[in-house]
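Hi there,

Here is the structure I promised to pass on to you. Have a look at it first, and then read my notes underneath.

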Amino acid sequence: MTTLIKEHAVEQISAGTISKGYLLANRIGGGVIAGIGLYIIQQALSYGVLRDGLPADGFYPLIVGSLLTLLGLSLLVSAKSEAQERGEDSYVPERSGMIKLAISAVAIAGFLLLLQPVGYVGSMVLFLIVVLKAASNLRILTILLIAVGFTLATFYGFSKALGVPLPLSHLIPLAALGF
Amino acid sequence: MNPIDGLLTGFATVLTPGNLLLAFLGCILGMLVGILPGFGPAAASAILLPVTFALGPTGAIIVLAAILYGASYGGTVTAVLLNVPGEASSVATTLDGYQMALKGRAGPALSIAAMGSFVGCIVGLIGFVIATPLSKFALLFGPPELFAVTIFGLSIVTGLAGKSLRKALISAAIGLMVALPGLDPVSGAPRFTFQSPELFDGLSFVAVVMGLFGISELLSTIDHNIKSGRALPVGKILPTASDLKRSAGPIGRGTLIGFAMGLLPGSPGAAASFLSYVTEKRLSKRPDEFGKGAVEGVAGPETTNNSMAISGMIPLFALGLPTSATTAIMLGAFTINGLVPGPLLFDEHPEVAWAIIASMFVGNVILLFLNIPLVRVWVLFLRLPYPVLYGVVLGFMLLGAYSLENSIFNVGVMLAFGVLGYLLRKIDVPLAPMALTIVLGQLMERSFRQSLAMSEGSPTVFFSTPLATVLLIIALLALLYSGIRPALARRTRFARILAPKSEVPVPANISTPTSTDRNQK
């Protein structure tokens, strides 16, 4: 996907120049939205649209699905006119930024997988170490201090002060510490 | 007891060291919890309700009311500083509040929000005292009337559109889609749940908006090379004279909008603040500034939120009718303390009722004096290097989403909508219309189908009462005007281009577009 966008991207965004990558993104977005709309219509019909002359479970989803399909197709067809006005957030991500996003995604996945077995404290500390290391050029000691400080503060704040239970660890060292 | 005597008696009860301390503590606790991503007034009230058990009826309700508006302001802080709405009604504040923060004007944004909140609450309270009989108006709203209100809410969408109305409508339609999963509002059958029990209650609105606005903002910022310097510029703390002048009108109008909307049962808070935002945008002499840091875009919605929070208590106090999740929790607090809100509350326990109302006045004064100096503290967050803020805020949001229902599912919802929001930003689809229609969608469908069920399928039900007829006509006119307004604006611009040249000589280095130039585009 990144390669495709790079191949089609035009770097300068100036008056009268349409970014091909942006145009492609609009068309793909329109197509996906229309596809989702068609799926909703199909599901709506399976729920039933009318029952004894009154709107049934599928009536409202049918309207929503139809709207999505029409608007998605409209964007697909008219993407060129939409691409004339490009906003600030629509730039192509930088390579270094994409790497940070990918690392963040892995860190979040790791946090969710480790949350129950390792507990909140262990998984959040690990998560913060990975994310801060990827996103910043802070020293490892600073990162450790931030990770541990934030985690302990939120652990005690949520579980003790607010009474919001957080998962505890099944690992003996952390369990022995009450985490 | 007449209202003035009652209020004076109430002040005499509240202005004691013990009750003042309770109001102060309630404000602090509410703010601290409200600042946490995902925790709004309803969640803060629910979490902190046990704190009130040992306080007696007057003390308990004083603390709970203080928590309510303290949490409301806490949600504003995250909306302005982090683009993370703490609750549904803070979404509109993110549109311009965060933009002001990006320009180094977080201090004025928070200060104006505090002032607007204060005015909204105080005027709302005056209305509370005087207009309690208006609460009977709420009983006139049935499904046909509520349906008309939701149609009117749809007309707000065009006011939230940026350069592309088509993309705003796409955003709105996606919002209607997001409201589909769950149990059918009439039949109760599972719909779009994919056999997942977590989806039976639908998608958590708080998790969705945290993802759409908060996560997508974080992703949009980190995906390019950011310097390790300060997260955001830090400028002056207090608003300028121009800010105050520009905020006066929005604050006045926001008070009225919020007060009226708060009286409606089931009134969606986000819709009211969006209505205020769009109203200010349409009345402003600088509509192009909206979405880029217009102070009116903060003043109006914040005032509306707080005025609505107060007027939402009128049906509770006068009729025993909660109109929102927060007032439902307050009803619980009343019940726990042996009080029955409703018409008899002022007869059987006048000292309690008026003390609670007086405490709201006092609590809002406390909050104002607390918030203005605290703006300097909140703004300290902006001094953190952005990568640190990124990691810490992301961690907070994961925790906040998990804590909603102790469920990893909500974390997944937040992340999924974060990615969706990020991708939609890349193709310039605005997110605000989506937040509005997520709220309106379920209410619209439920009121529509209930209306037709009442009339056995006859569409005349929507015109069965004068109130329903008037509301629906106003709603349809508003929708029609919203639809043709962009076309009218284009026509006006086009007419200006074609208009005869003025008598003022045009400098030689400026050319006016010719038809040949336009055709070549």
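Below is what I found, starting with the place where the chains touch and ending with some cysteines and glycines.

Please keep in mind that this is a predicted model.

**Where the two chains meet**

How many residues of chain A are in contact with chain B? On the chain A side there are 64, and they touch 60 residues of chain B. The size of an interface is often given as the accessible area lost when the parts come together. Between chain A and chain B, the buried area is about 5300 Å². Carbon and sulfur atoms give 71% of that area.

As for polar links, 12 residue pairs are in polar contact between chain A and chain B, counting pairs with both residues at pLDDT 80 or more. There is also 1 salt bridge between chain A and chain B. Its partners are R449(B) and D57(A), whose closest N and O atoms are 3.3 Å apart.

Which elements of chain A touch chain B? Those that give two or more residues are α2 (20–47), β2 (54–55), α3 (59–77), α4 (79–82), α5 (95–135) and α6 (140–161) of chain A. The most comes from α5(A), which supplies 18 residues. If you sort the residues on this side of chain A by type, you get 42 nonpolar, 15 polar and 7 charged.

**Two cysteines without a bond**

A disulfide is a covalent bond between the sulfur atoms of two cysteines. Over all chains, the count of disulfides here is 0.

Why does C27(B) not form one? The closest cysteine sulfur to that of C27(B) belongs to C121(B) and is 9.8 Å away, so it is too far for a bond. For C121(B), the closest cysteine sulfur is in turn that of C27(B), at 9.8 Å.

Are these two cysteines buried or exposed? C27(B) is buried, with a relative accessible area of 0%. C121(B) also counts as buried, at 1% relative accessibility.

**A glycine in a loop**

Finally, try finding G40(B) in the viewer. This glycine sits in the loop that runs between α2 (17–35) and α3 (41–48) of chain B. Although G40(B) is in a loop, its relative accessible area is 8%, so it counts as buried, the cut-off being under 20%. From G40(B) you can also look across to G153(B), which is 113 residues away along the chain. The C-alpha atoms of G40(B) and G153(B) are 22 Å apart.

Enjoy exploring, and write back with any questions!

Best wishes

Methods:
Residues numbered from 1 in each chain as written. Chains lettered and ligands numbered in written order. Predicted model: local features only at pLDDT ≥ 70, side-chain atom pairs only at ≥ 80, totals over all residues. Heavy atoms only, no water. Contact = heavy atoms within 4.5 Å. Buried area = accessible area lost by both parts, 1.4 Å probe. Salt bridge = Lys/Arg side-chain N within 4 Å of Asp/Glu carboxyl O. Polar contact = N/O pair within 3.5 Å; in protein donor to acceptor, adjacent residues only side chain to side chain. Helix = DSSP H or I, 4+ residues; strand = E, 2+ residues; numbered from the N terminus. Nonpolar A, V, L, I, M, F, W, Y, C, P; charged D, E, K, R; others polar. Disulfide = S-S within 2.5 Å. Buried < 20%, exposed > 50% of the residue type's maximum accessible area, 1.4 Å probe, protein only.
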